[in-house]
Every structure is written in structure tokens, then in C-alpha cells.
Amino acid sequence: MKEKNMNITTEYHSLYQIQSDVAAVFVFQDKQLFQKSMKELSKPLSAQLTPIIKLEDFSGKEGQTCSLYTNDTLRTPRVLLVGLGEVKKISLEKLRRAAATAAKKAQTLKITSLAIEFPFLLTFSHSEVAQALVEGAVLSLYKFDKYLTKEKSEKNIETLKIFTSLSSIIKEVKKGVESGAIITSAVVHARNLSNAPGNEIYPETLANDAVQTAKKYKFKATVFDKRKIESLKMGGVLAVAKGSEKTPRFIVLEYNKSTKNKKNTIILVGKGVTFDTGGISLKPAAGMPEMKMDMSGAAAVIGTFQAVAELKLPIHLVGLIPSVENMPSGTAMKPGDIIRHYNGKTSEVDNTDAEGRLILADALSYASLYKPDLVIDLATLTGACVVALGNHAAGMLGNDEPTMNALKISGDATYERVCQLPLYDEYEKQIKSDVADVKNTGGRWAGTITAAWFLKKFIGDYKWVHCDIAGTAMLETPQEYIPKGGSGFGVRLLVDFLKGRK
Ligand code: BES
Ligand code: MN
Ligand code: ZN
């Protein structure tokens, strides 16, 4: 998928030197810090600042902004003050949101370049701060507008400059800006894949995108077609695909195969249902269009590979993406059908709308071939997860507490948060079948947990974490730097987690 990326740079400049259509400057609300900021700005802007301070139109509160127009002492015609709130409450997420506020404000003007002054903070590393600023600014400007043919009323911000006049930190800042640029472009790619309609992205074209991405970012992609999937006896993938004219694909990604770090192979599995009608157990019409995003787990895996390869992380990573379209038809699988999966285990199809677990079962058992240390799957798996956690955290279940703790830490840092749910033995009996090894539904209660229990039946001898991203991958209401629709959730979480693995 083609993306025109923003031009993002680090500049060794002061506010006096920076050249841009607008320069955003962050201001804390704490009295001393506020006054210090105002003093620094007073030389070029005093005529406007004095009444603003006196009338308290801008006091550095979180979310507050104030546009000022400069005289010829500056090379930027506009300065945008952006409030950061209290210094003791500052966080990376607040910086992302403040950068998003600046970017969205700039976007309302007919301009093409934005500069953001780097705020010197003692609580975080300079590279973390710089990365957060780029994330907030770039991701807040995302729009899925490739199908809109009418002239756009706004210009696009094409250039983002993060600037500082502190020579001692410039290297660190630059490092963070570069990571931020790599990661945001991977998130944008994942969002584009999620938002693409079902007539554009189906198993074959999803696989093509993976192959293109692999070529561009230098990792390996192998695509199994229907015949190969048949020969491998991946019964779950074949059963779900049966109802559709679109044939299934099983995509295998591999990064850094030759690394000596082989005992540490990590596998990412992504649910790639390119459209989920529910099949014969048809979904109601309301909300069905969103099911074009039922491949958001796959999108997050492809995006993560893109970022990991560009960041050259020293790990061996494998990606497995089973991809199908779940349709009702004369050839579709039916409730009551019994499937034999890749590892020989059988499952009873109680509801054809519980299709994600059927294809993931094949992928999770196939994963054993690699003797991985760890397998993480991402899947828009259950509506129950949206009921439980809404849009603000993914459900996390698995068999390895240390890995889940590490993911929790990465989730809090990136704000792609995960919330652990239990996988107690007692839940297992809800998916017991009289006619097969397991049933694909677990009744009304604890739907996210019984879905995870189904997956657990197919894992091998490896550490495993399942993330149910049904609520976080697609938004009905926009958030600070996530527009409505596909969020690209999982890319930033996984990249942060994988950065911590050596
Ligand atoms: N793709 C859906 C889950 C989903 C729902 C994702 C809402 C995002 C938003 C999944 O395939 C599904 O249909 N799950 C069923 C399972 C049930 C039949 C056991 C569900 O959650 O209703
Ligand atoms: Mn479904
Ligand atoms: Zn689904």
C-alpha cells in the first residue's frame, strides 16, 4: 500500500532561527515555569503576551492553546503556545496529546510545515520525549481519504521539525525523532490496511501487501495459497474460507533469520479475516461494515515487522497470518460441522461467527515448527472483550506471567494498554464438545476467556500471550491522536516490547 510520508527532521535551532509556517512552544502551568516561558518569549512577542498573561487567556493548562503572530525578529510568522499542565503530572502520553493538539491546530490553517520546540524534561530520556512528540503529531493528522475525490479544503502538513538549541541533547533527540518517524509510518500502514474496504483488501491482496512490505523493508514473506494450505491440512482456515469466492492465504513473515539469537525466536500471529459477515450464523446489518477491520491483528503484525526491520532490532521474528473472508453461501461451513486442524485436533463449529479462533488454531499449532520461545497473537476476537474493556485496553490472556508483565509495562508506556484476564481451569468446560475435541463457542458468559481457552487447546510447548484487540483496533469515536476507524493498535505496543528483548 502506497503511503506518502511526512518529512520529519531534527533541527539544531532556537525559536529565533527556526523556519516554519508555525512553531509550537510548550508551556507548563506551574507559576515559576510559566513565568520563565513567558520571559523567554517576551522579546519577540511582548506586545501580545502582556494582555494574554494579564487577562489569563492562556495559563499553560493542559489542552490550552494560544496563537501569536510574530514580527521580523523571528523566521516563523506564527508561534503557537500549547499548555502542558503541571510539571509533576507530565507523562509521555501527555506529550503525545500536546503534540497532537499542536498538529491539529496547525492543520486548520492553510499551511504545510510545523515546527515543535523540544521541551527539556528531567523525567524521561530525550529520545523517549522526541519519539512521543512525533507519534502524537503524525498520528493525529492521519486521515483515510484516498477514496475522496473532491478537493480538500485544508492543506496537508508535509514537514515536521523538532527543534532545540541545546547541543548536548541533539543526538538523543534525533534518535527519538528517527524512531518516531519509523514507528508512525508503520502505524499509518497498519491503519491503512485496516481501513481499506473489503473489496480492496481480501486474502490475496493482503498477502500482496505483505510481500511488497517485506521487499521494501528487507524481511522475508512467503505466501501459502489454497493448494498449499490444503496440503498442510489447515482445516480451520479451509473451513472458514469455504463460503467465499476469495481463496484463503497463509502468510509467513520472517525477519533476521540468520541471527545467532535463535533460541529466542518470537512469533507474532495476526488474525486476518478480511471481512467477517458471520457466515451462516450471519451478523445483523448494523455494525457489519466495521468487520472490514477484522484483519487488524494481521495489519498490526505487518506494521510491526516493518518497524522492527527498519529499526534493525536484534531479534529473530516470525509472523504467521491466516487470512480468509467469512461469507455465507451454498458452500459455506455450517453450524454442527466438525473440523480437523493442522495438529490433528478436531473442533465442533457451534457458531460460524466464531471463525477467528478456527483459523488461529491452525496458525498456533503451525507455530510449533519453529520451536519458538514465545508466541504472541493479536486478534479482533470477541465482542465480549469490547463489552468488558471498551476501547481503552486490549484483553490479555496467556500462560507466562513475566511476559504479560513486560507487555503491561510496554502498554502503559505506549498507551496501547493491555489488561490481563484470567484463564482459570474452570472456564475450560464451557467449550467442551460431545462430538469433537473442543467446541468453538463457550456460551454467554466470559466470552473473551472461553475464546482464549479455545486457542490454548492448540498451543504447543512455548510461552504464549493472546491479545484480544476487538475494542482497541477500531474506534467509533476518535481519540486524541486516533481518528475514527482503524487505530493501528499493537504496532507501538509490540515494537516497545520487542525493543526490550535482546
Ligand atoms: N470479529 C468478531 C469479533 C468482533 C466483534 C470484533 C466486534 C470487533 C468488534 C468475531 O469473529 C466474532 O464474531 N465473535 C463472536 C463470537 C461468538 C459467536 C462466540 C462474538 O463476539 O460475538
Ligand atoms: Mn465472527
Ligand atoms: Zn471475526
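1. Let me start with the aromatic residues of this predicted model. F224, F250, Y342, Y366 and Y370 come together as one aromatic cluster. K228 is worth a look alongside them, as this lysine lies over the face of F224, 5.2 Å from the ring centre.

2. Across the structure, the count of aromatic pairs comes to 10. One of them is F219 with F305, a tilted pair whose centres are 5.3 Å apart and whose planes make an angle of 50°. This pair links distant parts of the chain: F219 belongs to the loop between helix 5 (203-217) and strand 7 (220-224), while F305 sits in helix 8 (residues 296-311), and the two are 86 residues apart. Are these two rings buried or exposed? F219 is buried, at a relative accessible area of 10%, and F305 is buried too, at 0%.

3. Within the cluster, Y342 and Y366 deserve a paragraph of their own. They form an edge-to-face pair, with 5.3 Å from centre to centre and 70° between the planes. Here again distant parts of the chain are linked: Y342 is in the loop between strand 12 (338-340) and strand 13 (346-348), Y366 is in helix 9 (residues 356-366), and 24 residues separate them. Y342 has a relative accessibility of 22%, so it counts as partly exposed because the cut-off for buried is under 20%. Y366, at 8%, counts as buried.

4. The strands on either side of the Y342 loop also meet in a sheet. Strand 12 and strand 13 are antiparallel partners over three bridges, and I339 stands opposite S347 of strand 13. The sheet is open and has three strands in the order 12-13-17, with mixed pairing. Strand 12 and strand 17 (438-439) are its edge strands, each pairing on one side only. While you are in this part of the sequence, please also check K345, which lies over the face of F458 at 6.0 Å from the ring centre.

5. Next, strand 18 (residues 463-468). Why can this strand be called largely enclosed by the rest of the structure? Five of its six residues are buried, so the surrounding structure largely encloses it. Strand 14 (residues 374-379) runs parallel to strand 18 and is joined to it by six bridges; L378 has C467 in strand 18 as its bridge partner. Strand 15 (residues 394-398) pairs with strand 18 as well, in the antiparallel sense and over four bridges. In that pairing, G395 stands opposite D468 of strand 18.

6. Finally, the internal space. How many cavities of 30 Å³ or more does the structure hold? There is one, and the volume of the largest cavity is about 50 Å³. Its lining is made up of V22, S67, L68, R78, V79, L80, K105, A106 and L109. Strand 3 (65-69), strand 4 (78-85) and helix 2 (92-107) are the elements that give two or more residues to this lining. Strand 4 supplies the largest share, with three residues. Sorted by class, the lining has six nonpolar residues, one polar residue and two charged residues. If you are viewing the model as you read, the lining residues of strand 4 are a handy place to begin.

Technical notes:
Residues are numbered from 1 along each chain as its sequence is written. Chains are lettered from A and ligands numbered from 1 in the order in which they are written. This is a predicted model: local features need pLDDT of at least 70, side-chain atom pairs count only at pLDDT 80 or more; totals for chains, interfaces and linings use all residues. Side-chain values use heavy atoms; hydrogens and water are left out. Rings of Phe, Tyr and Trp (its six-membered ring) pair if their centres lie within 6.5 Å; planes under 30 degrees apart count as stacked, over 60 as edge-to-face and the rest as tilted. Buried means under 20% relative accessible area, exposed over 50%, partly exposed in between (1.4 Å probe, protein chains only). A charge sits over a ring if NZ of Lys or CZ of Arg is within 6 Å of the ring centre and within 35 degrees of the ring normal. Two strands pair if DSSP finds at least two bridges between them. On a 1 Å grid over the protein atoms alone, a cavity is a set of points where a 1.4 Å probe fits but cannot get out, and a pocket is an open set with protein on both sides within 12 Å along at least five of seven lines; lining residues have an atom within 4 Å of a point. Grid points are joined across faces, edges and corners, and a volume is the space filled by probe spheres set on the points. Ala, Val, Leu, Ile, Met, Phe, Trp, Tyr, Cys and Pro count as nonpolar, Asp, Glu, Lys and Arg as charged, and the others, Gly among them, as polar.
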